[in-house]
Amino acid sequence: MSSSVSFDPRVLKTPQPVPGAPDNWKRFFSFNTDAKVIGIQYIATALFYLLVGGVLAMIMRGELITPAADLVDPSVYNGLYTMHGTVMLFLFLFPILNGFNNLLIPPMIGAPDMAFPRLNAAAFWLFPVFGVILMASFLVPGGPSGSGWWAYPPQSIQNPLGHFINGQFLWILAVALSGISSIMGAINFVTTIIRMRAPGMGWFRLPIFCWTAMAAQTIQLVGLPVLTAGAVLLLFDLSFGTSFYRPEGGGDPMLYQHFFWFYSHPAVYVMVLPVFGIFSELFPVYARKPLFGYKVVAIASFGITVLSLIVWVHHMFYSGTPQWMRNLFMVTTMLIAVPTGIKVFAWIATLWRGKLRLTTAMLFCLGGLVNFIFAGITGVMLATVPVDIHVGNTYFVVGHFHTVIFSTITFGIYAGIYHWFPKFTGRMTYEGLGKLHFGLTFVGAQLNFIPMHWAGLMGMPRRVASYDPEFAFANVLASLGAFLLGVAMIPFILNIVSSWARGPKAPPNPWQAIGLEWLLPSPPPAENFEDDVPTVISGPYGYGLGKPLVENEAHYVARALEA
Amino acid sequence: MTLSSPLPADDPAAASGSQQGHANHTLTGFVIFLLSESVIFLALFAGYIVFKMSSPVWLPAGVEGLEIRDPLLNTVVLVSSSGVAWLAERCLKRQKLVSFRLWWLLTMAMGSFFVYGQAVEWLHLGFGLGDGIFGSTFYVLTGFHGLHVITGILLMGLMLQRSFRPGNYDKGETGVVAVSLFWHFVDVIWIVLFVLIYVWQRS
């Protein structure tokens, strides 16, 4: 190192815009291998696609505000719901949760970075690539795929215009690349958690977020290859004339449904498990109590992983599935309520008689928990074969899974953003704007998704651009809710952008939280603890117990304050 | 899978990450990758078995079945190349660089022989990719496996080239161990494929 360099070389690697650092914003547009840069890259790009998916959703709700198909053509509507689902799952939820994994896992376990930093950056840079590929399907002749995010054959292997590059082709390509990126990420996260924990951090001293990330990434490793195999066979059927899913050539379209749901049901757990992790991290902080039943909550995560792999046929109860298979999968599906219920009761017990601080993050957690209990009840209803045969493919299902995916998972993601924003940007967010965001989102979500359950029970089918006028009232309410959710993005974006630009400086531990990441300065230096990794001497969530988390804790607290 | 060796909660040395070298991470990550990759093949095997047992039409018109003699020779060569790769790895561990290169080259040659044999077989078959479910499964399964064999040969070439960098393998040979693992994986997959496709022809 030459002594003529006038600035600390570490400044160059700091993930956040540091005044005076020469490349403070360009790093986010480069092949940077720092997990904290990659995390922010993931989250920012994913939030952009949240807006894209949200606009698609609002066009659909605009169409559905009247019974007739008047705003868009029904075939355009098919493309809209296909792209809405695909964008929200593959371009918003998976990437944003990988962003959380990147930001949180290394500091939480005291590691300097991920195990394979270059693999990590490569996994991220695939994301804009498949994002552009999917968006490009709006521009090809025939428009985007209209076969839904399930892409069931025979609809998904039709190519009426005869172009080799069509919407469905691009859809399969994007989903396959997304799968490759996710597997690269999963290998990285699992290896990092297994091998790079701080001294003294045994499995039962690992924060729950890391447990749930590990459980979720295990699902990715086991499930995604099956979807990839199914999608490759679909591509061959669509583009190269094979007969895997064509009955006339001896194939079977049901095989695709098995391949698809073997991954895509567990995929819900890939998204919800990290959010369970966020709930488990945040409730103790804002209730000032240790997490109730830490070990049981940790192990229940893997209970969910194992069960999630043997429930997929509940999506196929009405697909001509034999009765013994329906019964078997009804039971396994209902069993998932056990580990999930354990977690819900653990959170409620954590809140019980706690000193609740209703920050924006806590409000989103509480809202998400309430919504999740509602979604869990409708989930058990749907697991029941007779109910599912009655309401499957109606708006009841749409209402159910939006209550999971938006009202639970996205609420948890918002909570996580408000909670860790100060840590990784070094700036506090504005509580007033945050609470406005929460209020609008909570009301909008209920208004949007509760009437869907009702319309579904009355028999309104899903994936239709026009419907019987008797469903009009529920649909008007749902559409108003959707527009309210659109409005709710304004205070959120305003808050994030203005806080990052000129929000109040964040102290190292603004929420008085316990955890290795809170012993670091805000924002943490590029290599977190560098060579001075603390030795963990007690379990996480020791609120009110008076036991230090690490050896010589005062030293780390003082160091974080100095920086 | 990932929980097979939980570390004791109160043993700082075992639970520590900072003392462990990067090579260990690479192997852990690579084994996790192979486990994940094997699930793709498991899914394809499952699909093949379902089709074979349930499809009303299996062989396309005019096709009697598959010739087994040349593929068997191919199988023997590929499977024994795993042993040769193991010999190469052992030589490298004993710092015998020249004999490592020879055994490693022999492994590559045996792999290439397999690919060549497969290409010849493909060119002389009386059915194509579009000929019903039999043609579809045959070409996609053997082709996907063949792609892995070619990848393995290319990776071995990379490791061979690295062996000419002075001192490259002094500190360990993670890359060679990983490629060699990959090669054994490809061989095991082929044994299953051979049994499914060539041996199990009568239904």
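Me: Which residues have the most contacts inside the largest nonpolar core?
Reply: First the general idea. In soluble globular proteins, nonpolar side chains tend to be buried together. A nonpolar core here is a set of buried Ala, Val, Leu, Ile, Met, Phe, Trp, Tyr and Cys residues joined through side-chain atoms within 4.5 Å. Buried means under 20% relative accessible area, exposed means over 50%, and partly exposed lies in between (1.4 Å probe, protein chains only). In this predicted model, the largest nonpolar core has 243 residues, and A:Ile96, A:Phe100 and B:Trp104 have the most contacts inside it. Helix 3 of chain A gives the most to this core, with 20 residues.

Me: How should I read the numbering and the model itself?
Reply: Residues are numbered from 1 along each chain as its sequence is written, and chains are lettered from A and ligands numbered from 1 in the order in which they are written. This is a predicted model, where local features need pLDDT of at least 70, side-chain atom pairs count only at pLDDT 80 or more, and totals for chains, interfaces and linings use all residues; side-chain values use heavy atoms, with hydrogens and water left out.

Me: What does A:Phe100 touch?
Reply: Contact means heavy atoms within 4.5 Å. Leave out residues up to four places away in sequence. A:Phe100 then touches A:Ile43, A:Ile105, A:Phe209, A:Ile278, A:Ile413, A:Gly416, A:Ile417 and A:Trp420.

Me: How many residues of helix 8 of chain A are buried?
Reply: Helices are DSSP runs (H or I, at least four residues), numbered from the N terminus. Helix 8 of chain A is mostly covered, with 21 of its 22 residues buried.

Me: What span should helix 8 of chain A have?
Reply: The expected span is 1.5 Å times one less than the number of residues. For helix 8 of chain A, residues 266-287, that gives 32 Å. Its end C-alpha atoms are 31 Å apart, which agrees.

Me: Which residue follows helix 8 of chain A?
Reply: A:Arg288 follows it. A:Arg288 is not a glycine, yet its phi is positive, about 55 degrees. A:Arg288 lies in the loop between helix 8 and helix 9 (294-308) of chain A. A:Arg288 is partly exposed, at 28% relative accessible area.

Me: Is A:Asn528 buried or exposed?
Reply: A:Asn528 counts as buried, at 1% relative accessibility. Its phi is also positive, about 55 degrees, although A:Asn528 is not a glycine. Look for A:Asn528 in the loop between helix 16 and helix 17 of chain A.

Me: Where are cis peptide bonds, and what is omega there?
Reply: One runs from A:Pro153 to A:Pro154, with omega near 10 degrees. A:Pro154 sits in the loop between helix 4 and helix 5 (167-195) of chain A. Another runs from A:Ser522 to A:Pro523, with omega near -10 degrees. A:Pro523 is in the loop between helix 16 (472-502) and helix 17 (553-562) of chain A.

Me: How many disulfides are there over all chains?
Reply: A disulfide is a covalent bond between the sulfur atoms of two cysteines. The rule used is a pair of cysteine sulfur atoms within 2.5 Å. By this rule the count is 0 over all chains.

Me: Why is A:Cys210 not bonded to A:Cys365?
Reply: The sulfur of A:Cys365 is the closest cysteine sulfur to that of A:Cys210, but the distance is 16 Å, too far for a bond. A:Cys210 is buried, at 0% relative accessible area. A:Cys365 is buried, with a value of 0%.

Note on methods
Helix = DSSP H or I, 4+ residues; strand = E, 2+ residues; numbered from the N terminus.
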